[in-house]
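The following exercises concern a two-chain model and are to be worked with the sequence and coordinates in view. Each task is followed by a solution in steps.

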Amino acid sequence: MNKKQKITLFSGLSAIIIAFGVWAFQGFHLFTHDKIEVRLPQSDVDKLLGQPPRYEWVNHFTLGLEYTLAIAAVVIAASTVLLFLFKNKKKAFS
Amino acid sequence: MRTTIKIFIFSILFFFTAYSQGFNVKATGVQTFSFKDDKGRNQTTFTSITELDEVDGTSNDVSGTVSFDVRNVANTLKGEISISTASIKTGIAMRDRDLRAPKWLDADQFPTISFTIKKVTGVTKLADNKLQVNLIGTFFLHGVKNDIPVTATLTYLDESQVTESREPGDLLGVNAKFQIMLSKFGVKNMILGSRVADKIDIGVNIVGTNKF
């Protein structure tokens, strides 16, 4: 394995690890969300009326497993092609 | 003389039975509450839990009215609460669009989801201004009507400086939780049961005013 191939392998693995890291950090969601529920402060009247806290949707991207797997698949495919290309180039020049 | 005593005893029993099935608040007579809130503070929730996914949804576009005799809720409670089908949000825009599409709730053809009170089957007094009400109502979804049992808690607040901070008039808080089966409402989809549960938990947390 030459230097370019090693860099390709390292970059590919790093990209996959980062993608899975972001996915894990954002809560291991199965599907990607573009909003999250935010709990709103409860007023005294609402408490007297027996109302539980309300929730509001706010824009917030949360990476899901489906996109993470797609990213990993693309990175693996690109890395495989690059590894193959770099191997061939080395042979052609030698 | 015996007849008079019987009438007296029955009157007392009737009075206390009726009294115990209503609120003990300042307001009297028949009151009607509207749940239309332009600020969108009234909320209904639904939850679907399967092994693959949990979906939480909300709708803040609630409307409808409920009326009852304050002292005799058990025998006079009637009304209807509805939400607009298109207002349901689940946190994923694409999923919200799917939910409104014909293959799920078909918001264009069936723009509202509603619950109409049919009869009260029991009332438990939790406090002077709080009742737990067991009722049967007609749930309308996806063009199909089914009767379902619902337990709701009603909290009555007479108009005061505290209630005015929310809106004018006497306020009625309603909390209810119940379940529906989507398949019983004609919702048939390939992923029903896998990614979306057939059994949906519904929560209603709304406040109405009698000045509207």
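**Exercise 1. Identify the residue of E9(B) that is the bridge partner of Thr153(B), and place the pair in its sheet.**

Step 1. In E9(B), Thr153(B) has Asn175(B) as its bridge partner. The model is a predicted one, in which local features require pLDDT of at least 70, side-chain atom pairs count only at pLDDT 80 or more, and totals for chains, interfaces and linings use all residues. Residues are numbered from 1 along each chain as its sequence is written, and chains are lettered from A and ligands numbered from 1 in the order in which they are written.

Step 2. Strand E8 (residues 144-157) and strand E9 (residues 171-181) of chain B run antiparallel and are joined by seven bridges. Two strands are taken to pair if DSSP finds at least two bridges between them. Helices (H or I, at least four residues) and strands (E, at least two) are DSSP runs, numbered from the N terminus.

Step 3. E9(B) is also joined to strand E10 (residues 199-209) of chain B, through 11 bridges, and these two strands run antiparallel. Here Lys177(B) stands opposite Gly203(B) in E10(B).

**Exercise 2. Determine which residues have the most contacts inside the largest nonpolar core, and which elements supply that core.**

Step 1. A nonpolar core is a set of buried Ala, Val, Leu, Ile, Met, Phe, Trp, Tyr and Cys residues joined through C-beta atoms within 7 Å. A residue is buried if 20 or more other C-beta atoms lie within 10 Å of its own, exposed if 12 or fewer, and partly exposed in between, with C-beta atoms placed from the backbone.

Step 2. The largest such core has 43 residues, and those with the most contacts inside it are Val73(B), Val133(B), Leu154(B), Leu172(B) and Val174(B). Among the elements of chain B that each supply at least two residues are helix H2 (73-76), strand E7 (130-141), E8, E9 and E10. E9(B) provides the largest share, five residues.

Step 3. Consider Val133(B), leaving aside its neighbours within four places in sequence: its contacts are Val73(B), Leu77(B), Val120(B), Val123(B), Ala152(B) and Leu154(B). Two residues are in contact if their C-beta atoms, placed from the backbone, lie within 7 Å.

**Exercise 3. Establish how chain A is built and what it gives to the contact with chain B.**

Step 1. Chain A has three helices and two strands, in the order α-β-α-β-α along the sequence. Its radius of gyration is 23 Å, well over the 12 Å that the globule rule gives for 94 residues, so chain A is more spread out than a compact globule. The radius is taken over C-alpha atoms, and the rule is 2.2 Å times the number of residues to the power 0.38.

Step 2. The C-alpha trace of chain A spans about 85 × 15 × 15 Å along its principal axes. Of the 94 residues in chain A, 11% are buried.

Step 3. The contact between the chains takes 18 residues from chain A and 22 residues from chain B. Strand E1 (33-39), helix H2 (44-48) and strand E2 (55-62) of chain A are the elements giving two or more residues to the side of chain A that touches chain B. E1(A) gives the most, with five residues.

**Exercise 4. Find the buried residues of helix H3 (residues 93-100) of chain B and state how they are arranged around its axis.**

Step 1. The buried residues of H3(B) are Arg95(B), Asp96(B) and Leu99(B). They cover an arc of only 105 degrees around the axis, which puts them on the same side of H3(B). The arc is that of the directions from the helix axis to the C-beta atoms.

Step 2. On the face of H3(B) turned away from the buried side are the exposed residues Met94(B) and Arg97(B).

**Exercise 5. Describe the backbone and surroundings of Asp106(B) and His142(B).**

Step 1. Most residues other than glycine have a negative phi. Asp106(B), although not a glycine, has a positive phi of about 50 degrees, and His142(B) has a positive phi near 55 degrees.

Step 2. Asp106(B) lies in the loop between H3 and E6 of chain B, whereas His142(B) is found in the loop between E7 and E8 of chain B.

Step 3. Asp106(B) is partly exposed, because 17 other C-beta atoms lie within 10 Å. His142(B) also counts as partly exposed, with 18 C-beta neighbours inside 10 Å.
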